[in-house]
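Biologist: Could you take me through one small region of this model, slowly, and show me how the pieces around it sit together? I'd like the packing, plus anything odd in the backbone.

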Amino acid sequence: MELRLDRVTKQYKNKIAVDRLSAKLHEGVYGLLGANGAGKTTLMRMICGILESNSGEILLDGEEIAGMGERYRELLGYLPQDFGYYPNFTAMDFMLYIASLKGLDRRYAKEKSVELLKKVGMEREARHKIKTFSGGMRQRLGIAQTLLNDPKILVLDEPTAGLDPKERVRFRNMIADLGKDRIVILSTHIVSDVEEIADWIFLMKQGQFLVQGTLEDLKKHYLEQVTAQEAESFNLEKLYLHYFTEEGELDDAI
Amino acid sequence: MMRYEWKKIFEKKFNVIAMLVGYALIAIVVFVRFAEENYWDEKTQSYLTGMEAMQASRERAGQQTDVISEEYITELLKNIQSYQLDLDSSEAYIKIGRPLGDIYYFVAKHYTDMRAASTDLEVLNRINLTEGALFYEHRIDKIRSFLNLDYSFGNYSEEEKAFWLGKAESVTIPFKWGYKAVIELALDCIVAGAYLLFVIIICVSPIFAAEKESGAADLLLTTKYGKTKLVWTKIGTAFLFTVGYCSVGMLSGIAACGICMGLSEVKLPIQLWNSVIPYDWTVGWTCVVNLGIILLIGVAITALLLYCSARTKSTVITMVIGMTVIIAPSFFRMSKTSGLWNHINYLFPMRIIDMRTVLGAFVSYRFGGLVLSYLVMIVIVYTLVTVLSLLSVRKSFTKTM
């Protein structure tokens, strides 16, 4: 499976949020790293078909996703950033509702919901109303719903936001596992999230891919630009700071 | 999928409270109308009230006559004129109005000019009875005079005059006579159903907007059916809610009337409300049509709300638009110079909720040689509003900036 971005552009009045981005994505985990406002969410929403690009196209195995409609959406799992849940729904209600929207058979949906709630450690809260959940629990529920249809393209916008360190590690492992047979795109501004699990990393700035590649590629690129002393203690965080803090863009990047 | 849409509506406390308040309004209408009914009982020299009064009035109507025949009206008028009383006086009320009841006011209204704001009782003393009451002849003359008057905002065309006279003449005569208050109460319950539209506004406005406001729309739109079945499910839920909620309210009111008093008078002619009405309908059929029109208004308002909800992405703005559409036109005055404005003004929701007014209004819409009645125009306009709004809902909801 190949998801291809071909000079994808999104412009809001005078601001270009995504600027002629091109990339080819195959099965694996792709990390989008960038400051707030870099265009990560806009790009993800375009990949999910929520937003239309002003120019360029997004193709799945050579077919433009805009024309695929339900055929494309049934391959998709999406976790939006800060999305609204239904406070009076129970976790199970929510899962079954999303399952019905994903076209799953009710019996299968129930079984799958139980399995996924267990996977995210929420089996005990299945019958609890969402309004009683903490931010982390809601995020776990959000992640669980993305997997209901066993998506081939999983788009996760800030999936670890609100999770405690233990949960974060757990989800990194889960995401790494999911990336073996599907395209997983995750955005974050938390460097360590992508450092450990992403097969390919995009550093985004002002709507463009500043640098992209494997961690090794990025390291090579970085080493070409820094002194030998700086190169000795390389990690992704340093690279990130190298690209993003020089203009004072990001203070919350760690 | 629809189950969850219902859940979203019914799990909001505010919605449930609004629904209960709406139904309480219907209950109040029934209760007040029963309570205010009274009948002077000559035997006990006291007023009967409530259901007792209704029963007594029904018996009196049954004893008066079966049909409004020329002979009956002539005798009635002779009897009234023989008292030689000022019919607006208390004495006339006690001696004539109170014992005769509804038929007295029905006949007085029949002989009152169509443009008069209230019934002129004294007109009954002025009727020349040398050739009889000429009740039905007077009906057609009265309509013809109304159609031939000069109006500052524009006169009836020849086509319209022919249209209305033709309809008026096609009405079955003589009219059957009977007690109409129970069926009138049923109609009041239907008309009160229009106020349930405010509840519809409260419950329907968030259907699309709340998804946008909460950010859930982003998730929904990426699911397989998020841009297709979900939209239609939401629309279907909204329509079912509107039709179901309003119907239950109105039909419960009618059922209460039926259980208490029976609805045996459904076959009386609609002309007992206003003898000039140019439709050959029974009061029962009028109730059915009135209920249908209220539901049509409800459906059109719902469609408009869904469009606004999807388009504005704001529950509050949608509610304000809905309330404005219903309330504001009630304050629009009829123009003395613009017939066009008046014809638009006639079509706003609160002007069309009562068929007793609509059917006797002689409002028509002319397109070249084609004349459409007020009722047909209402159906066309509200169906159009529904269809046009619905056509734009899906696009508005799925379109994201």
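Modeller: Sure. Helices α2(B) and α10(B) are roughly antiparallel to each other (under 35 degrees counts as roughly parallel, over 145 as roughly antiparallel, 65 to 115 as roughly perpendicular, and the rest as oblique). Keep in mind that this is a predicted model, with local features needing pLDDT of at least 70, side-chain atom pairs counting only at pLDDT 80 or more, and totals for chains, interfaces and linings using all residues. Residues are numbered from 1 along each chain as its sequence is written, chains are lettered from A and ligands numbered from 1 in the order they are written, and side-chain values use heavy atoms, leaving out hydrogens and water.

Let's stay with α10(B), which covers residues 181–192, while α2(B) covers 13–36 (helices are DSSP runs of H or I with at least four residues, strands are E runs of at least two, and both are numbered from the N terminus). The angle between α2(B) and α10(B) is about 155°, and their axes lie 9 Å apart; axes are lines fitted to C-alpha atoms, for helices over the stretch in contact, and angles run from 0 to 180 degrees between N-to-C directions. Their crossing is right-handed (the near helix is turned clockwise from the far one by less than a right angle; anticlockwise would be left-handed). On the α2(B) side you'll find L25(B), I26(B), V29(B), V30(B), R33(B) and F34(B), and these meet A181(B), E184(B), L185(B), D188(B), C189(B) and A192(B) of α10(B), where contact means heavy atoms within 4.5 Å. That set splits into 9 nonpolar, no polar and 3 charged residues (Ala, Val, Leu, Ile, Met, Phe, Trp, Tyr, Cys and Pro count as nonpolar, Asp, Glu, Lys and Arg as charged, and the others, Gly among them, as polar).

Now for another partner of α10(B). Helix α15(B), residues 283–312, packs against α10(B) at an angle of about 5°, again with axes 9 Å apart, so the pair is roughly parallel. Here α10(B) offers I183(B), L187(B), I190(B) and V191(B), and α15(B) brings V283(B), C287(B), N290(B), L291(B) and I294(B). By type, this contact has 8 nonpolar residues, 1 polar and no charged.

Zoom in on V283(B), which sits in α15(B). At 1% relative accessible area V283(B) is buried (buried is under 20%, exposed over 50%, and partly exposed in between, with a 1.4 Å probe and protein chains only). Setting aside neighbours within four places in sequence, V283(B) touches I183(B), E265(B), V266(B), L268(B), P269(B), I270(B) and W273(B). Take L268(B) from that list: 15 residues away along the chain, yet its C-alpha is 5.8 Å from that of V283(B).

As for backbone oddities, follow the chain to either side of these helices. P174(B) lies in the loop between α9 (158–169) and α10 of chain B, and the peptide bond joining I173(B) to P174(B) is cis, with omega about -5°. K313(B) is in the loop between α15 and α16 (315–327) of chain B. Its phi is near 60°, a positive value in a residue other than glycine, and K313(B) counts as partly exposed at 31% relative accessibility.
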